[in-house]
Amino acid sequence: MAFMGMFIGTILLIVTTIVIILSVIFIITAIILKIIGKKKDSKKLKITGNVFLVLGIINIAPIIIFAGYLTYKSQFAEVELPDGKTKDVSIKSAYKVMELSRDGSDEAIEELEKLLDKNPDLVFFHDNNRESILEIGLKNGDADVVKIAIEHGAVIDNPERYDHMAYVKTSMQDYFNGMIGREFTREDIEIIKILFENGADTSYKLRVHYYSNAFGMAVWGILYNDGVVTDDELEFIQVIIDNGVTHDDALILMEDLSSNYHFSDEYHSDITKDDNYYLLIKMIEGEK
């Protein structure tokens, strides 16, 4: 496949070179004929010169058009809107909003909002990893980024991302995956409310043996992200219960899994078993 690509590329380069050489010959010939025709006042030479000029222009026009197209495509990216239509957005601006979303500072959030107010279509840009600013906000636990994305039209459970992903299938799963390995804050409570308000899919669409929905994902997220259950994390679980996801029949805690299950260093198994921990266990058992 790589050889065929190189072969086709070489053929195109040869053809392009020949076309350019011919065009240059035609145009130079046209100029010479027109100059001689003007000096000799020969209508025939002038007409012949015009013919060669037209041939030169026609010959090179496709290359000029194609080069212009490539130049345009290098500066703009196509995004798909929720109604199925497509729009071109500046690649420079698209990566700028991604950068600002990852920054998350007050100044960055302010600039992000201004850019999206000016061009809301940027919210639909997905990078090479199929991430948009919504996914960045979810994974980083940045409620401001998530709010701004939703306000400017971002789509929860967007097929543009999840139809192309093998390891994540919903916004909720994206969010909980990001929770492991980072600090939980009250912004997470805001985010989970936003997800429910916007009809996020609460199921887990991949095969695992220890949870199957948002309730189970949340339990794993707050238990094993840092090994401590806080008051805010208990409130977080309560928000999920209040939104109707009250239990997970498939839920198995890490301590109950067999020894052949291995997790990365982001998962903290040495949980502090204080009052909050046992309150969480009661919430798990009480809702089953």
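Which helices do the buried residues of α8 pack against? This tour works towards the answer, and it begins with the whole chain, which in this case is a predicted model.

**The whole chain**

Show the full protein as a cartoon, and twelve helices and two strands can be picked out. Following the chain along its sequence gives the pattern α-α-β-β-α-α-α-α-α-α-α-α-α-α, with the two strands written after the opening pair of helices. Of the 288 residues in the protein, 38% are buried. If contacts with a separation of 6 or more are considered, 67% of them join residues that are 24 or more positions apart.

**Helix α8**

Now select residues 171–179, which form helix α8. This helix is mostly covered, since eight of its nine residues are buried. The buried ones are Ser171, Met172, Gln173, Asp174, Tyr175, Phe176, Gly178 and Met179. Here the opening question can be answered: the buried residues of α8 pack against α5, α7, α9, α10 and α11. Moving past the end of the helix, select Gly181, which follows α8 and has a positive phi, near 95°.

**α8 against α9**

Keep α8 on display and add residues 186–197, which make up helix α9; the two helices pack at an angle of about 165°, and their axes are 11 Å apart. Angles over 145 degrees count as roughly antiparallel, and α8 and α9 are therefore described as roughly antiparallel to each other. Their crossing is left-handed. To see the contact itself, show the side chains of Ser171, Met172, Tyr175, Phe176 and Met179 in α8, which meet Asp188, Ile191, Ile192, Leu195 and Phe196 in α9. Sorted by class, the residues of this contact are eight nonpolar, one polar and one charged.

**α6 against α9**

With α9 still selected, turn to α6, which covers residues 143–151. The angle between α6 and α9 is about 25°, and their axes lie 9 Å apart. Angles under 35 degrees count as roughly parallel, and α6 and α9 are therefore roughly parallel to each other. On the α6 side, the contact is made by Ala143, Asp144, Val146, Lys147 and Ile150, while α9 contributes Glu187, Glu190, Ile191 and Ile194. By class, the residues of the contact of α6 with α9 divide into five nonpolar, no polar and four charged. Ile191 is worth leaving highlighted, as this residue of α9 takes part in the contact with α6 and also in the one with α8.

**The nonpolar core**

Which residues have the most contacts inside the largest nonpolar core? Select Phe176, Ile192 and Phe236, which hold that place in a core of 70 residues. Helix α10, residues 214–224, gives the most to this core, with nine residues. In soluble globular proteins, nonpolar side chains tend to be buried together.

Centre the view on Phe176 and, setting aside its neighbours within four places in sequence, look for its contacts with Ile192, Ala214, Met217, Ala218, Phe236 and Ile240.

Next select Val239, which is placed in helix α11, residues 231–242. Val239 is buried, with a relative accessible area of 9%. Apart from neighbours within four places in sequence, Val239 is in contact with Ile189, Ile192 and Lys193. A distance drawn between the C-alpha atoms of Val239 and Lys193 should read 7.2 Å, although these residues are 46 residues apart along the chain.

**Arg161 and two loops**

Is Arg161 buried or exposed? Select Arg161 in helix α7; this arginine is buried, and its relative accessible area is 0%. When neighbours within four places in sequence are left aside, Arg161 is in contact with His126, Asn129, Arg130, Glu131, Glu135, Tyr167, Val168 and Asp174. Among these partners, Asp174 is one of the buried residues of α8.

Another partner of Arg161 is Arg130, found in the loop between α4 (106–118) and α5 (133–140). Arg130 is partly exposed, with a relative accessible area of 27%. Although Arg130 is not a glycine, its phi is positive, about 65°.

For the last stop, move to the loop between α6 and α7 (159–162) and select Asp157. Asp157 is also a residue other than glycine with a positive phi, in this case near 55°.

Terms used. Residues are numbered from 1 along each chain as its sequence is written. This is a predicted model: local features need pLDDT of at least 70, side-chain atom pairs count only at pLDDT 80 or more; totals for chains, interfaces and linings use all residues. Side-chain values use heavy atoms; hydrogens and water are left out. Axes are lines fitted to C-alpha atoms, for helices over the stretch in contact, and angles run from 0 to 180 degrees between N-to-C directions. Helices (H or I, at least four residues) and strands (E, at least two) are DSSP runs, numbered from the N terminus. Angles under 35 degrees count as roughly parallel, over 145 as roughly antiparallel, 65 to 115 as roughly perpendicular and the rest as oblique. A crossing is left-handed if the near helix is turned anticlockwise from the far one by less than a right angle, and right-handed if clockwise. Contact means heavy atoms within 4.5 Å. Ala, Val, Leu, Ile, Met, Phe, Trp, Tyr, Cys and Pro count as nonpolar, Asp, Glu, Lys and Arg as charged, and the others, Gly among them, as polar. Buried means under 20% relative accessible area, exposed over 50%, partly exposed in between (1.4 Å probe, protein chains only). A nonpolar core is a set of buried Ala, Val, Leu, Ile, Met, Phe, Trp, Tyr and Cys residues joined through side-chain atoms within 4.5 Å.
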